[in-house]
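Could you walk me through this model in my viewer, one selection at a time? I would like to know what to click on and what I will find there.

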Amino acid sequence: VQRVSVLLDGRTPDLPLFLAADRPGDSGAMILEYSAHGALVELRATAAPAVQASSVVARGQEDHTSSAWHAARQLTRTLDHYVTVLAVELVAATRASRLAESRPLTSRGRQLFDLAADHLPAALEDRELSTDVELAAQLIGTGAFAEMAHALPPHDLDVRGPAHTPG
């Protein structure tokens, strides 16, 4: 989530405030920061243990009830929020790369960016971004994207140029 905030804060070279197009007053991708933080709050809430105490059942003969069903439902909600956070980050990173007119420096990073860029709308004008986040979430759910992303070291996605590449 912090990565989204950094991309939007206007202090990153070659990136406008809120990843907005050139028109004054545009909110750009500011809503993505709210979405990411909202999903993070939900993720933290659902990450708590499903049950923190046992239940006495069978007229006091047993002090344990399975909470597996509740835990599984809670895990599903947690995963949904996690995917939302990742999808928001993917939309923000793709938008930032487009605005800066740059791509990742490595071939694998470029493949990942190209895959995202092929699936996400290219329009940078001020508009609703919920469809972008939904498309990104679908893309994250595909095996090809997850496999490619998992194989990348963190610095493979650096789009800032050779002077900023970790040595």
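Here is a short tour of this predicted model, with three stops.

**Stop 1: a helix pair**

Start by selecting helix 2, residues 30-46, together with helix 3. Two packed helices are described by the angle between their axes and the distance between the axes. Here the angle is about 155 degrees, and the axes lie 9 Å apart. Angles over 145 degrees count as roughly antiparallel, so that is how helix 2 and helix 3 run relative to each other. Turn the view to look through the pair, and you have helix 2 passing helix 3 in a left-handed crossing.

**Stop 2: the cavity**

Keep helix 3, residues 68-100, on screen, since the next stop involves it too. How many cavities of 30 Å³ or more are there? The count comes to one, and the largest cavity holds about 70 Å³ of space. To display its lining, select Val 91, Thr 94, Arg 95, Arg 98, Leu 120, Pro 121, Ala 123, Leu 124, Arg 127, Leu 129 and Asp 132. Helix 3 gives the most to this lining, with four residues. Try colouring the lining by residue type: six are nonpolar, one is polar and four are charged.

**Stop 3: Arg 108**

Finally, select Arg 108, which sits in helix 4, residues 107-119. Is Arg 108 buried, partly exposed or exposed? Its relative accessibility is 37%, so Arg 108 counts as partly exposed. Now add Ala 149 and draw a C-alpha to C-alpha distance: Arg 108 and Ala 149 are 8.8 Å apart in space, with their positions 41 residues apart in sequence.

Definitions and conventions. Residues numbered from 1 in each chain as written. Predicted model: local features only at pLDDT ≥ 70, side-chain atom pairs only at ≥ 80, totals over all residues. Heavy atoms only, no water. Helix = DSSP H or I, 4+ residues; strand = E, 2+ residues; numbered from the N terminus. Buried < 20%, exposed > 50% of the residue type's maximum accessible area, 1.4 Å probe, protein only. 1 Å grid on protein atoms, 1.4 Å probe; cavity = no way out; pocket = protein on both sides within 12 Å on 5 of 7 lines; lining within 4 Å. Points joined across faces, edges and corners; volume = space filled by probe spheres on them. Nonpolar A, V, L, I, M, F, W, Y, C, P; charged D, E, K, R; others polar. Axes fitted to C-alpha atoms, helices over the stretch in contact; angles between N-to-C directions. Parallel < 35°, antiparallel > 145°, perpendicular 65-115°, else oblique. Left-handed = near helix turned anticlockwise from the far one by under 90°.
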